[in-house]
Amino acid sequence: MKILTKHFGEVNIDPDTTLHFKDGVFGFEDEKEFALLQFSEEDSFLLSLQSVKTPYLAFTLVNPFMLIPDYKPVLSDDELEQMQVKKSEELCFYNMCRIKKPVSDSTINLRCPIVINDTTRQAKQVILDDYEMRFPLSSLEKRDK
């Protein structure tokens, strides 16, 4: 199936890989179908969560575990049931990233990850009270030192 995208123009996606958000994404509750597209074939660290129906609507996602190894999101029992799993570790987690110039001023939303059941293709955005909404990328440089 062909869709128009914000970052890649027209692309062909496999409808079987489309993510289904029953409740939409925060602020975009009417948007239920998204494609997860890689910015680079070699790297799955930075992704685009692209609306299937709205070409200009795309969110930049990062794999948090590549940046913050101690990030340990845990869903409630209700959320696990909705996602059709027993443990949070059975799910994929991605975080929205707000890219700024310079890049060191960019932030990652650790509080509201996108959660994906890779088997069912169901997805959900959740709220984790233990994490920051605007985690600065610049703080990662300080951790490495």
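**Entry 1: charged pairs**

I began with Lys-124, which is buried in this predicted model, with a relative accessible area of 16%. I then looked for its charged partner and found that Lys-124 forms a salt bridge with Asp-23, the closest N and O atoms being 3.4 Å apart. Asp-23 lies in the loop between strand S3 (19-21) and strand S4 (33-40), while Lys-124 belongs to strand S10 (residues 122-125), so this pair ties together parts that are 101 residues apart in sequence. Asp-23 itself is partly exposed, and I noted a relative accessible area of 44% for it.

How many salt bridges are there by this rule? I counted 3 salt bridges. One of them joins Lys-2 and Glu-10, where the closest N and O atoms are 3.9 Å apart, which still falls within the 4 Å that a salt bridge requires. Both Lys-2 and Glu-10 are exposed. I also looked up Asp-118 and Arg-121, whose side chains meet in a salt bridge at 2.4 Å, N to O. Here Asp-118 is partly exposed, with a relative accessible area of 48%, whereas Arg-121 is buried, at 16%. I reminded myself that side chains of opposite charge can pair when their charged atoms come close.

**Entry 2: nonpolar cores**

Next I turned to the nonpolar residues, keeping in mind that in soluble globular proteins nonpolar side chains tend to be buried together. The largest nonpolar core has 19 residues, and those with the most contacts inside it are Leu-75, Leu-91, Leu-110 and Val-115. I followed Leu-110 further and, leaving aside its neighbours within four places in sequence, found it in contact with residues including Ile-68, Tyr-71, Leu-128, Tyr-131 and Phe-135. Asn-95 and Glu-132 are also among the contacts of Leu-110. A second, separate core has 14 residues, including Phe-21, Phe-34, Leu-61 and Met-96.

**Entry 3: cysteines**

I then asked how many disulfides the structure holds. The structure holds 0 disulfides. For Cys-92, the nearest cysteine sulfur is that of Cys-112, and it is 19 Å away. For Cys-97, the closest cysteine sulfur is also in Cys-112, at 14 Å, which is too far for a bond, because a disulfide needs the two sulfur atoms within 2.5 Å. I checked exposure as well: Cys-92 counts as partly exposed at 26% relative accessibility, and Cys-97 counts as buried at 11%.

**Entry 4: the largest pocket**

Cys-97 came up again when I looked at the largest pocket, since it is among the lining residues, together with Phe-59, Thr-60, Met-96, Arg-98 and others. The volume of this pocket is about 200 Å³. Which elements give two or more residues to its lining? I noted strand S6 (58-62), strand S7 (92-98) and strand S8 (107-108). S7 gives the most, with 3 residues.

**Entry 5: Leu-57**

Last, I looked up Leu-57, which lies in the loop between strand S5 (43-51) and S6. Is Leu-57 buried or exposed? Leu-57 is buried, with a relative accessible area of 6%. Leaving aside its neighbours within four places in sequence, I found Leu-57 in contact with Phe-28, Glu-31, Phe-34, Leu-49, Gln-50 and Ser-51. I also compared its position with that of Cys-97: the two residues are 40 residues apart in sequence and 14 Å apart in space, C-alpha to C-alpha.

Conventions: Residues numbered from 1 in each chain as written. Predicted model: local features only at pLDDT ≥ 70, side-chain atom pairs only at ≥ 80, totals over all residues. Heavy atoms only, no water. Buried < 20%, exposed > 50% of the residue type's maximum accessible area, 1.4 Å probe, protein only. Helix = DSSP H or I, 4+ residues; strand = E, 2+ residues; numbered from the N terminus. Core = buried A, V, L, I, M, F, W, Y, C linked by side-chain atoms within 4.5 Å. Contact = heavy atoms within 4.5 Å. 1 Å grid on protein atoms, 1.4 Å probe; cavity = no way out; pocket = protein on both sides within 12 Å on 5 of 7 lines; lining within 4 Å. Points joined across faces, edges and corners; volume = space filled by probe spheres on them.
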